[in-house]
Amino acid sequence: MELLTLRQIRQTVPQGPLEARAHVQLETVASKTTRDQKPYCELALADAVDRMTLRVWSDNPNFKACESMQTGDFVEINGEFFQGQYGLDARRWKTRSLTSEEQAHLLQGPPALRAKQAADWEFILATTAAIRDPRLYALCAEFIAEHGSRFRNSAGARTYHHARRGGLVEHTAQMMRVATQLAPLYPDLNLDLLVAGILFHDSGKLWENHLPETGFSMPFDERGEMIGHISLGMDLVNSLWRKIQADPQQAADWSKLSPPLEDIRLHLLHLVAAHHGEMQFGSPVVPKTPEALALNYIDNLDARLEMFIAGYPVAKPLAERVFERVRPLPANLVKPLEKFSG
């Protein structure tokens with residue numbers, strides 16, 4: 001059987017059942033009961049990009065084998081995958097433990113994803129290096145030097161978009177690409193400020209959505225739970241701002257530049273604070289500058305397009321080209337128009 005990722009399997013099974021192998025980590029192994037009090041085992045499987053839930057009913061030959069499975073185990077599932085009542089499912093499957101080499105390969109993610117995230121990281125480095133204002137450049141450089149490794153192991157969100165290790169890098173790089181294309185069309189936008197705002201807008205997720213290098217499960221962090229990524233991001237900006245001004249001579253030289261130092265800090269904090277756009281979505285203030293408004297729309301655009309792209313493979317078909325709503329998108333999905341091919 002061919003070794004495939006969960007995403008590859010999910011994209012193939014709508015055409016019919018597929019015999020394949022998948023390397024996964026067991027995020028959770030839970031003993032449960034139905035409404036009729038019949039026992040079953042629920043296995044939450046994950047790889048670098050996707051997840052699926054495998055329900056093992058009490059009359060399944062593998063039900064007994066679930067007793068030896070533990071949360072965090074790395075296993076191979078080989079069998080027949082199909083589109084079941086609850087989504088992607090498998091039958092007549094067998095399992096074995098992965099070797100240490102197979103585990104390491106799985107944790108790295110598929111080659112295409114690794115290459116994309118490496119390219120995205122290089123784009124972030126190049127884009128922040130092009131910032132002309134030396135104060136904002138120094139702030140971004142300090143953040144990357146101090147927290148770059150943690151950044152690359154963080155997700156864009158817990159569930160809805162870019163919910164994978166390195167997802168925050170993908171999301172941030174794409175937002176910077178949009179910003180650099182948008183700025184020439186609106187020359188009044190301060191691109192230096194906008195790029196810095198994009199880098200820092202989700203910086204609090206380095207604690208709220210950080211993944212360990214040893215697995216695909218995102219732990220909960222007390223700071224993220226009690227304070228939230230917006231407040232954490234603002235605090236990070238302030239602490240790094242104090243750090244880059246520690247050199248008295250450099251601070252004195254910067255104070256002669258325009259705009260004033262305090263104005264830069266205040267505007268950057270506003271971008272972080274207002275990036276959710278509305279108070280009902282968690283922002284303490286609404287966007288009150290052109291850069292804050294642009295950041296909010298760019299953030300929302302990239303997140304929602306990612307939800308659409310990720311939604312089609314998992315959405316339940318309702319008609320030939322209509323799919324059931326995938327939350328938090330507001331309505332049913334419709335298959336997009338194919339591009340003109342000439």
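Biologist: Which residue stands opposite His23 in β4?

Modeller: This is a predicted model. In it, β1 and β4 pair in the antiparallel sense over eight bridges. Opposite His23, in β4, stands Glu76.

Biologist: In β2, which residue is the bridge partner of Leu26?

Modeller: Strand β1 covers residues 18–33 and strand β2 covers residues 39–46. They pair in the antiparallel sense over eight bridges. In β2, Leu26 has as its bridge partner Leu45.

Biologist: And which residue in β2 is the bridge partner of Lys32?

Modeller: β1 and β2 form a hairpin, with five residues between them. The bridge partner of Lys32 in β2 is Tyr40.

Biologist: What is the phi of Gln37 in the turn of that hairpin?

Modeller: Gln37 lies in the loop between β1 and β2. Most residues other than glycine have a negative phi. Gln37 is a residue other than glycine, yet its phi is positive, near 65°.

Biologist: Is Gln37 buried or exposed?

Modeller: The cut-off for exposed is over 50% relative accessible area. Gln37 has a relative accessible area of 59%, so Gln37 counts as exposed.

Biologist: Which residue in strand β5 has a positive phi although it is not a glycine?

Modeller: The residue is found in strand β5. Its relative accessible area is 64%, so it is exposed. Its phi is about 50°, and its name is Arg92.

Biologist: In what order do the five strands form the open sheet?

Modeller: The pairing is antiparallel. The edge strands are β3 (51–57) and β5 (87–97), and each pairs on one side only. Neighbouring strands of this sheet are turned by 45° against each other on average, direction ignored. The order is β3-β2-β1-β4-β5.

Biologist: Which strands does helix α2 touch where it packs on the sheet?

Modeller: Helix α2 spans residues 100–108. Its direction makes about 90° with that of β1. The strands it touches are β1, β4 (74–84) and β5.

Biologist: At what angle do helices α9 and α11 pack?

Modeller: Two packed helices are described by the angle between their axes and the distance between the axes. For α9 (residues 229–244) and α11 (residues 261–274), the axes are 9 Å apart. The angle is about 160°.

Biologist: Why do α9 and α11 count as roughly antiparallel?

Modeller: Angles over 145 degrees count as roughly antiparallel. The two helices pack at about 160°. The crossing of α9 and α11 is right-handed. By their angle, α9 and α11 are therefore roughly antiparallel.

Biologist: Which residues of α9 make the contact with α11?

Modeller: The contact has two sides. From α11 come Leu261, Ile264, Arg265, Leu268, Leu269, Val272 and Ala273. From α9 come Ile230, Gly233, Met234, Val237, Asn238 and Trp241.

Biologist: Which residue does a cis peptide bond join to Ser258?

Modeller: Most peptide bonds are trans. Here omega is about 5°, and the bond is cis. The partner is found in the loop between α10 (248–254) and α11. Joined to Ser258 is Pro259.

Biologist: What is omega for the cis peptide bond that joins Arg327 and Pro328?

Modeller: Pro328 is in the loop between β7 (322–323) and β8 (333–334). A cis peptide bond joins Arg327 to Pro328, with omega about 10°.

Biologist: Is Thr172 buried or exposed?

Modeller: Thr172 sits in helix α5, residues 167–182. Leaving aside neighbours within four places in sequence, Thr172 is in contact with Ile124, Phe151, Ile198 and Leu199. The cut-off for buried is under 20%. Thr172 has 0% relative accessibility, so it counts as buried.

Biologist: Which residue's backbone oxygen does the side chain of Thr172 reach?

Modeller: The side chain reaches this oxygen at 2.8 Å. The oxygen belongs to Leu168.

Biologist: Which residue's backbone oxygen does the side chain of Tyr312 reach?

Modeller: Tyr312 is in the loop between α12 (290–311) and β6 (317–319). At 23% relative accessibility, Tyr312 counts as partly exposed. Not counting residues up to four places away in sequence, Tyr312 touches Phe323, Leu333, Val334, Lys335 and Pro336. At 2.6 Å, its side chain reaches the backbone oxygen of Val334.

Key:
Residues numbered from 1 in each chain as written. Predicted model: local features only at pLDDT ≥ 70, side-chain atom pairs only at ≥ 80, totals over all residues. Heavy atoms only, no water. Helix = DSSP H or I, 4+ residues; strand = E, 2+ residues; numbered from the N terminus. Buried < 20%, exposed > 50% of the residue type's maximum accessible area, 1.4 Å probe, protein only. Contact = heavy atoms within 4.5 Å. Polar contact = N/O pair within 3.5 Å; in protein donor to acceptor, adjacent residues only side chain to side chain. Pairing = 2+ DSSP bridges. Axes fitted to C-alpha atoms, helices over the stretch in contact; angles between N-to-C directions. Parallel < 35°, antiparallel > 145°, perpendicular 65-115°, else oblique. Left-handed = near helix turned anticlockwise from the far one by under 90°.
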